[in-house]
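Got your viewer open? Here is a tour you can follow by selecting one piece after another, with a short note on what turns up at each stop.

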Amino acid sequence: MALNGSTIPQPPSPNPFPMKFCSACGNPVSLRTPAGDHLARHVCNACGVVHYQNPKLIVGCVPEHEGRILLCRRAIEPRLGFWTIPAGFMELGETTQEGARRESFEEAQAEVEIGSLLAVVHVLHADQVHVMFRAKLPQPQFGPSPESLEVALYSEDEIPWQDIAFRSVDFALRRYFDDRQRGVENHHLTALDYRRSGGVR
Ligand SMILES: [Zn+2]
């Protein structure tokens with residue numbers, strides 16, 4: 001059944017840069033529900049291409065070296081100056097584990113061994129899914145990068161909880177320590193949505 005002109009409520013679009021032109025042919029697009037679809041999409045008025053927008057995957061890890069955790073102080077916005085774990089946008093052609101390993105090297109010059117899945121956090125207000133793994137840092141070798149002002153190892157009681165950059169990272173770290181204390185490696189799922197409360201993380 002065609003759903004053109006559907007009255008199904010559309011989700012709010014948090015995208016601050018709505019699409020205006022077709023990347024295939026350069027003509028203007030309009031927001032409408034294609035036949036057979038259930039959500040409004042950017043559809044090219046000239047060539048008819050439907051430009052789907054989907055959540056982006058962020059991959060990262062909690063690297064541990066002799067009981068301490070590797071954290072990076074962000075050199076870039078958002079949350080410049082706050083602490084986070086190595087994490088970033090997944091690239092085409094890599095697995096989530098490969099992406100997490102790559103980000104550790106890019107952000108912290110750290111060669112990590114990716115372990116078990118730690119957390120999947122749906123960050124609804126940012127249209128992102130954060131996938132975080134446990135990891136080992138065999139050698140205490142790391143350093144700053146264009147993305148990290150400084151990189152350091154923290155024991156659990158030294159973690160700067162008030163200066164953690166993102167709620168998803170706070171969630172992953174707390175679950176990490178909880179599991180470690182209990183001697184288990186569970187998977188943890190949650191969803192964050194700050195659009196209603198006006199938060200930014
Ligand atoms: Zn087009």
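## Stop 1: Glu-111

Select Glu-111, which counts as partly exposed at 45% relative accessibility; buried is under 20% relative accessible area, exposed is over 50%, and partly exposed is in between, with a 1.4 Å probe and protein chains only. You'll be looking at a predicted model, where local features need a pLDDT of at least 70, side-chain atom pairs count only at pLDDT 80 or more, and totals for chains, interfaces and linings use all residues. Residues are numbered from 1 along each chain as its sequence is written, and side-chain values use heavy atoms, with hydrogens and water left out.

Glu-111 is in the loop between α1 and β8. Helices here are DSSP runs of H or I with at least four residues, strands are runs of E with at least two, and both are numbered from the N terminus. Now show what Glu-111 touches: setting aside residues up to four places away in sequence, that's Arg-101, Phe-105, Lys-136, Leu-137 and Pro-138. A contact means heavy atoms within 4.5 Å. Arg-101 is 10 residues from Glu-111 along the chain, and their C-alpha atoms are separated by 7.3 Å.

## Stop 2: helix α1

Step back along the chain and select residues 96-108, helix α1. Its 13 residues should span 18 Å at 1.5 Å a residue, and the end C-alpha atoms are indeed 18 Å apart; the expected span is 1.5 Å times one less than the number of residues.

Which residues of α1 are buried? Colour Thr-96, Gly-99, Ala-100, Arg-102, Glu-103, Ser-104, Glu-107 and Ala-108. They pack against β4, β5, β7 (87-89), β8, β9 and β10 (148-154). Just after the helix, look at Gln-109, which takes a positive phi of about 55 degrees.

## Stop 3: helix α2

Next, select residues 167-182 for helix α2, which has 16 residues. From first C-alpha to last, α2 reaches 23 Å, close to the 22 Å expected at 1.5 Å a residue. Its buried residues are Ser-168, Val-169, Asp-170, Phe-171, Ala-172, Leu-173, Tyr-176, Phe-177 and Asp-179. The cover over them includes β4 (56-65), β5 (68-74), β6 (83-84), β8 (113-123), β9 (128-136) and β11 (188-192). Just past α2, Gly-183 takes a positive phi of about 70 degrees.

While you're here, pick Thr-84 in strand β6. Is Thr-84 buried or exposed? It's buried, with a relative accessible area of 5%. Leaving aside neighbours within four places in sequence, Thr-84 is in contact with Leu-71, Cys-72, Arg-74, Ala-165, Phe-166 and Val-169. Val-169 is one of the buried residues of α2 you just coloured.

## Stop 4: the zinc ion

Now find the zinc ion and show the side chains around it. Which atoms coordinate it? They're the SG atoms of Cys-22, Cys-25, Cys-44 and Cys-47, at 2.2 to 2.3 Å. Donors are N, O and S atoms within 2.8 Å of the metal (3.2 Å for Na, K and Ca), and water is not among the atoms, so sites may look incomplete.

The 4 donor atoms subtend angles of 100 to 117 degrees, which makes the arrangement tetrahedral; four donors count as tetrahedral if all angles lie between 85 and 135 degrees. Along the chain, the donors follow the spacing C-x2-C-x18-C-x2-C. Cys-25 lies in the segment before β1 (29-32) and Cys-47 in the loop between β2 (41-44) and β3 (50-51), so this pair ties together parts that are 22 residues apart in sequence. Cys-25 is partly exposed at 35% relative accessibility, and Cys-47 is partly exposed at 39%.

## Stop 5: Tyr-52

Move on to Tyr-52, in the loop between β3 and β4. Tyr-52 is partly exposed, with a relative accessible area of 48%. Not counting residues up to four places away in sequence, it touches Asp-37 and Arg-41. Leu-39 is 13 residues from Tyr-52 in sequence and 9.9 Å away, C-alpha to C-alpha.

## Last stop: the whole protein

Zoom out and you have 2 helices and 11 strands, in the order β-β-β-β-β-β-β-α-β-β-β-α-β. Of the 201 residues, 41% count as buried.

Finally, colour by pLDDT, the predictor's confidence in each residue from 0 to 100. The average is 91, and 89% of the residues score at least 70. Over residues 1-13, though, the pLDDT is below 50, and this stretch has 18 contacts in the model beyond near neighbours in sequence.

Technical notes:
Four donors count as tetrahedral if all angles lie between 85 and 135 degrees; four count as square planar and six as octahedral if opposite donors are over 155 degrees apart and all others between 65 and 115; anything else is irregular.
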